[in-house]
Amino acid sequence: MYRYNETDQRLVDDRVRQFRDQMQRHLDGKLSEDDFRPLRLQNGLYLQRHAPMLRVAIPYGTLSSMQLRMLAHIARTWDRGYGHFTTRSNIQFNWVRFANVPDILALLATVQMHAIQTSGNCIRNITTDQFAGVARDEILDPRPYCEIVRQWSALAPEFQFLPRKFKIAIAGGEEDRAAVRFHDIGAKACRSDQGEPGFEIFVGGGLGRTPMVGHCIKPFLPRAELLNYFEAILRVYNRYGRRDNKYKARIKILVKDLSVEGFAREVDAEWRHTRGAGSLIPESTFATMEAFFAPPAYADARATDLAFVAPRAENRPFARWVERNVAPHRHPGYGIVTLSLKKTGVPPGDATADQMDRVAELAERFSAGEIRVSHEQNVILPNVPLRDLYALWEIARRSGLATPNIGLLTDVVCCPGGDFCALANAKSLPVAAAIQARFDDLDYLFDLGPLELNISGCVNACGHHHIGHIGILGVDKNNEEWYQVTLGGSEGKHSRLGRVIGPSFAASDIPDVIERILQVYLRERLAEECFIDTLDRIGLTPFKLAVYGERHEAAH
């Protein structure tokens, strides 16, 4: 993984000293809340419903065991013993005290971490595929490119005050595991007809109040032009993006207003000024960055090793875990392990300090000390020999990290909602808990097969409800919490937005609503058919009838 040089470290250390002075002046009454607000937000410090929240960046979702141990220490010392991993591959501490934040940031700096640009109208944390560098379908390892973009965007004066926040994702595989079509800029690795490495560029995607699927404006961009082209997009956005209405300030609105073709023309016109020069990335930079992400020294491992084959044949719980939580690795005899943060009864994405320490221990023992964080709010060990899986599973199981539900219904993606967030219209965590409790039957979950359920507490869509096969959105109706249900959302190659099925429901009704939807799916699906395929074939009407009844359906 990338290691700071002297310039990187000095930048972060200077930022900590600067913020410590700003915080002290605020606490002394010399800096008003209005003046302090933009300063604290630039350092990831929010005011939430009950306490301040600190959002810490995990660039492209990659952590070392040392960094995760530091996050555990912070959770144990300055929070309530846990942290929340988000859909942006960050971690949030929901119960920090204002006065302690400079000390927390100073400790983060000692392990090459920070909270810079985790808020504000700037380029946020760069995200990527959690299987980067180890996936079998990979065209390019996206991590070197993510790091190049991170360095280019960190505290760049030109892009610190954009019309609105800005999110970039880069994916390296044939399968898009980074949801690139739902970002302001998405870059998906590809090769030209001549085999030249580059990217397919999407713009104008995003969820929130006005969800949109991104549009391809450049089918092939040579990798050397990545920063030049990104700069052109951002300059067009900075020039024409609206600043008079924050609800219409995202780049997706500008793309819609100009049309995809019109926006692309503006970008190409801007790009002409720097193409072939400007911020052109030299081959030496790619070589330097790729060296940071060189694979570990893989041992000679075999998929037929008895230490793996025998327990898989004899131990059904272990076999189920392997089926759901271990993905194929590009190197023979290895697997990619996803440790579930979705055990029933635990808020999705939460990890205790003890669990973080245990994951760090597992990473050091089994996965070359490296950890990944996914936008589905789970943690990944990317380089585990298959012969070590059983030993890893036994340890993870004792720590509540081995629920075999990755990609299944109870692997719920969920924002903190009204329990914490001041923007939320409704609570999301109790709804997630009720669904997990109702469907906490592994036989049933495995019969259903892959099924994604996402929950957001408000239209900002931090739970990505629009792209869940089943999506749930908290809404406010006359100061009461209600929940709207969507069906048919999807990310990846066939990205699309879910459709609202009808009027909203009370929280107590949601588990019954989900059960009726699943009954229709199980009754109607054909062999080997997934939820999306069934929905496309039979349409929304059978689901509406099951949920609302014929009389209610006729009225709506």
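This is a chat between a biologist and a modeller about strands, a helix, loops and empty spaces in a predicted model.

Biologist: Let's start with the sheet that has β14 in it; what is the order of its strands?

Modeller: Five strands make up that open sheet, and they are arranged in the order β3-β14-β15-β12-β11 with antiparallel pairing. The edges are taken by β3 (62-64) and β11, and each of these has a single partner strand, so one side of each is left without a neighbour in the sheet. From one strand to the next, the twist averages 35°.

Biologist: And how many bridges join β12 to β15?

Modeller: Strand β12, which covers residues 334-339, is joined to strand β15, residues 379-385, by five bridges, and the two strands run antiparallel. If you want to find one of the pairs on screen, look for Leu339, whose bridge partner in β15 is Val379.

Biologist: Remind me, what do strands of a sheet pair through?

Modeller: They pair through backbone hydrogen bonds, and the pairing can be either parallel or antiparallel.

Biologist: OK, moving along the chain, which strand does β18 pair with over eight bridges?

Modeller: That is β19: residues 470-477 form β18, residues 480-487 form β19, and the two pair in the antiparallel sense. Within this pairing, Asp476 stands opposite Glu481 in β19.

Biologist: What about the turn, how many residues sit between the strands of that hairpin?

Modeller: There are two residues between β18 and β19, and in this hairpin Asn478 takes a positive phi near 55°.

Biologist: Which residues stand opposite Trp482 and Leu487?

Modeller: Trp482 has Ala506 in β21 as its bridge partner, whereas Leu487 stands opposite Arg499 in β20. The pairing of β19 with β21, residues 505-506, is antiparallel and has two bridges, and the pairing of β19 with β20, residues 499-500, is also antiparallel over two bridges.

Biologist: You mentioned a positive phi at Asn478; what is the phi of Leu155, and where does Leu155 lie?

Modeller: Leu155 has a phi near 55°, which is a positive value in a residue other than glycine, and Leu155 lies in the loop between α5 (143-153) and β7 (168-171). Its relative accessible area is 25%, so Leu155 counts as partly exposed.

Biologist: And Glu528, buried or exposed?

Modeller: Glu528 counts as exposed because its relative accessibility is 82%, and the cut-off for that class is over 50%. Glu528 is placed in the loop between α16 (510-524) and α17, and its phi, near 65°, is again positive in a residue other than glycine.

Biologist: Switching to helices, how many residues of α6 are buried?

Modeller: Twelve of the 15 residues of α6 are buried, which leaves the helix mostly covered. Among the buried residues are Leu226, Tyr229, Phe230, Glu231 and Asn238.

Biologist: What should the span of α6 be, and what is the distance between its ends?

Modeller: Helix α6 runs over residues 226-240, and at 1.5 Å a residue its 15 residues should span 21 Å; the end C-alpha atoms are 21 Å apart, which agrees.

Biologist: Now the empty spaces; how many cavities of 30 Å³ or more are there?

Modeller: The count comes to four cavities of 30 Å³ or more. The largest cavity holds about 150 Å³ of space, and it is lined by 13 residues, with Met1, Tyr2, Pro59, Gln67 and Gln112 lying nearest its centre. By class, that lining has seven nonpolar, four polar and two charged residues.

Biologist: What about the second largest cavity, which helix gives the most to its lining?

Modeller: Helix α1, residues 6-27, gives the most, with three residues. The volume of the second largest cavity is about 60 Å³, and its lining includes Val12, Asn43, His114 and Ile116.

Biologist: Last one: how many residues line the second largest pocket?

Modeller: The second largest pocket is lined by 49 residues, and those nearest its centre are Arg324, Glu376, Gly407, Pro450 and Glu452. About 1200 Å³ of space lies in this pocket, and its lining has 19 nonpolar, 14 polar and 16 charged residues. At least two lining residues come from each of α11 (316-325), β11 (326-328), β17 (453-456) and α17 (531-538).

Definitions and conventions. Residues numbered from 1 in each chain as written. Predicted model: local features only at pLDDT ≥ 70, side-chain atom pairs only at ≥ 80, totals over all residues. Heavy atoms only, no water. Pairing = 2+ DSSP bridges. Helix = DSSP H or I, 4+ residues; strand = E, 2+ residues; numbered from the N terminus. 1 Å grid on protein atoms, 1.4 Å probe; cavity = no way out; pocket = protein on both sides within 12 Å on 5 of 7 lines; lining within 4 Å. Points joined across faces, edges and corners; volume = space filled by probe spheres on them. Nonpolar A, V, L, I, M, F, W, Y, C, P; charged D, E, K, R; others polar. Buried < 20%, exposed > 50% of the residue type's maximum accessible area, 1.4 Å probe, protein only. Expected span 1.5 Å × (residues − 1). Axes fitted to C-alpha atoms, helices over the stretch in contact; angles between N-to-C directions.
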